[in-house]
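Me: I have a model open and would like to practise reading a sheet and the helices around it. Could you take me through it?

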Amino acid sequence: MSQSLTEVYLHIVFSTKHREKLIDVDIENELHDYIGGICKNLKCNPVKIGGERDHVHILCMLSKNVTIAKLVEEIKKSSSKWIKDKNQKYITFYWQDGYGAFSVHVSQIEEISSYILHQKEHHKRFDFKQELLAILKKLNVDYNPKYLWD
């Protein structure tokens, strides 16, 4: 085959450092749009971006030229700098070190998009910790609880 063809969708999730509730209504939509722009610049077309005050979910298509680690690194680095420059009240904003990145079958795109869209309602019943543990359990992801929340 003389060309490389890919269609890889990812559900990426990560939180603010120490799960601080720093993503307020003043910045939330603009932050999600900014993250979408980072994805687009890396040819990782965003499908849906959302979250809550202490974390973000990103559903995007992974470019054949970008690793998952590079995508997440660029999103975190650029968005953290952007939010700090946006307003002095965000000067202490940081993302956590780790992240979750999970493959999404094309048949699940609408389901995951809806899940991300309805984060506000979802988090009336579950906090981020409960949510992440449920995702890890559902996907049968092996993890060390010692390092999950640092």
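Reply: Happily! Let's start with one pair: His11 stands opposite Leu59 in E3. Strand E1 (residues 8–15) and strand E3 (residues 55–62) pair in the antiparallel sense over eight bridges. Strands (E, at least two residues) and helices (H or I, at least four) are DSSP runs numbered from the N terminus, and two strands pair if DSSP finds at least two bridges between them. This is a predicted model, with local features needing pLDDT of at least 70, side-chain atom pairs counting only at pLDDT 80 or more, and totals for chains, interfaces and linings using all residues. Residues are numbered from 1 along each chain as its sequence is written, and side-chain values use heavy atoms, leaving out hydrogens and water.

Me: In what order do the four strands form the open sheet?

Reply: The order is E2-E3-E1-E4, with antiparallel pairing. Strand E2 (46–52) and strand E4 (100–104) are the edge strands, each pairing on one side only.

Me: Which residues are buried in H5?

Reply: First, the general idea: an α-helix has 3.6 residues a turn, so residues three or four places apart point the same way. In H5, the buried residues (under 20% relative accessible area, 1.4 Å probe, protein chains only; exposed is over 50%, partly exposed in between) are Phe128, Glu131, Leu132, Ile135 and Leu136. Because they cover an arc of only 130° around the axis, they sit on the same side of H5; the arc is that of the directions from the helix axis to the C-beta atoms.

Me: What does the face of H5 turned away from its buried side carry?

Reply: That face carries the exposed residues Lys137 and Lys138. Just after H5, Asn140 takes a positive phi of about 55°.
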